[in-house]
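Subject: the model, plus notes

Hi,

Here is the structure I said I would pass on. Have a look at it first, and my notes follow below.

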Amino acid sequence: MPAKPATRGRPSSREAMLDAAIAVVTEQGAARLTLDAVARAAQVSKGGVMYHFPTKESLLQALVTRAIEHTQQNWEQAQQRLPDQPGRGLRAYVQASTAERPDQDPFSSALLAVVPGDPQLLEPVRTYFKERMPALSEGLPFERTALVYLATEGLWLLELIGASPYSRSQRSKVQALLKRLAAEGGSLP
């Protein structure tokens with residue numbers, strides 16, 4: 001997990017500016033994300049935005065860090081609700097990743113719009129995924145972990161971009177199967 005950047009000023013105003021940045025991207029598109037647009041959306045001066053985010057890149061880095069922290073917190077909370085046994089990390093990951101539909105999450109949509117075009121913004125995401133895998137696969141065979149992980153990420157991404165072919169009932173069945181595969185352990189047929 002990347003180190004948390006130092007913040008200045010009141011965290012609440014900083015968070016409001018990050019919320020405003022997400023709103024700009026989801027309502028107007030990634031191309032319209034500027035410090036001026038964030039200032040208007042947050043109803044603060046551009047100088048106020050620049051106090052926390054001197055450049056657009058620093059704003060984008062903060063958005064990526066926030067997304068990683070949010071994902072990590074959801075996963076940790078899901079783990080705390082499960083018994084401590086092999087496969088706990090993977091079961092918690094499936095639960096946290098499928099608990100809500102990502103297409104109803106403007107934060108994830110905003111990041112998908114701005115991150116892929118910038119290799120520097122992708123690096124903390126790559127690092128997070130790489131560092132998370134050992135905890136997800138603890139006590140389980142690689143093949144099972146990889147299959148459940150890839151299927152969960154695929155479901156999440158299809159829903160995020162609004163391209164999921166599954167009805168609500170079908171999604172529930174897929175979700176139940178992923179949870180079962182994550183919980184059972186052992187090797188795949």
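L158 sits in helix α8, residues 142-160 (helices here are DSSP runs of H or I with at least four residues, strands are runs of E with at least two, and both are numbered from the N terminus). With a relative accessible area of 30%, L158 is partly exposed; on this scale buried means under 20% relative accessible area, exposed means over 50%, and partly exposed is in between, for a 1.4 Å probe and protein chains only. L157 is in α8 too, and is partly exposed at 38%. From L157 to S108 the C-alpha distance is 9.7 Å, with their positions 49 residues apart in sequence.

Both leucines belong to a nonpolar surface patch that is made up of L112, L157, L158, I161 and Y166, with about 400 Å² of accessible area together. Patches take residues with over 30% relative accessible area and no salt bridge, joining like charges within 9 Å and nonpolar side chains (Val, Leu, Ile, Met, Phe, Trp, Tyr) within 5 Å. The areas are Shrake-Rupley values with a 1.4 Å probe, and for residues only the protein chains shown count as cover.

A word on where this comes from: it is a predicted model, local features need pLDDT of at least 70, side-chain atom pairs count only at pLDDT 80 or more, and totals for chains, interfaces and linings use all residues. Residues are numbered from 1 along each chain as its sequence is written, and side-chain values use heavy atoms, with hydrogens and water left out.

Now the overall picture. The chain has 9 helices and 0 strands, so there is nothing but α in the run of elements from the N terminus: α-α-α-α-α-α-α-α-α. The chain has 189 residues, and 37% of them count as buried.

On to the helix packing. Two packed helices are described by the angle between their axes and the distance between the axes. Here the axes are lines fitted to C-alpha atoms, for helices over the stretch in contact, and angles run from 0 to 180 degrees between N-to-C directions.

- α4 (residues 56-80) and α7 (residues 119-137): the axes come within 9 Å and cross at roughly 15°. The two helices are therefore roughly parallel to each other, and α4 passes α7 in a right-handed crossing.
- α4 and α5 (residues 88-98): these axes come within 8 Å and cross at roughly 120°. That makes α4 oblique to α5, and this crossing is right-handed as well.

For the wording, under 35 degrees counts as roughly parallel, over 145 as roughly antiparallel, 65 to 115 as roughly perpendicular and the rest as oblique. A crossing is left-handed if the near helix is turned anticlockwise from the far one by less than a right angle, and right-handed if clockwise.

Next, the charged pairs. How many salt bridges does a search of the whole structure find? It finds 8, counting a side-chain nitrogen of Lys or Arg within 4 Å of a carboxyl oxygen of Asp or Glu. One of them joins R66 and E15, with the closest N and O atoms 3.0 Å apart. R66 is in α4 and E15 is in α1 (residues 11-28), so this pair ties together parts that are 51 residues apart in sequence. E15 is partly exposed, at 30% relative accessibility.

R132 and E153 form another, at 3.6 Å between the closest N and O atoms. This pair links distant parts of the chain, as R132 is in α7 and E153 in α8, 21 residues apart. Is R132 buried or exposed? R132 is buried, with a relative accessible area of 5%. There is also a network: R14, E15, D19 and R66 are joined by salt bridges that share partners.

D84 and R88 meet in a salt bridge too, 3.4 Å from N to O, and D84 is exposed at 70% relative accessibility. R88 has its C-alpha atom 8.9 Å from that of S137, 49 residues away along the chain. S137 is in α7 and is partly exposed at 23%.

Finally, a stop at α2 (residues 35-42), where L35, A37, V38 and A39 are buried. Q43 follows α2, in the loop between α2 and α3 (46-52). Its phi is near 60°, a positive value in a residue other than glycine, and Q43 is exposed, with a relative accessible area of 74%.

Cheers
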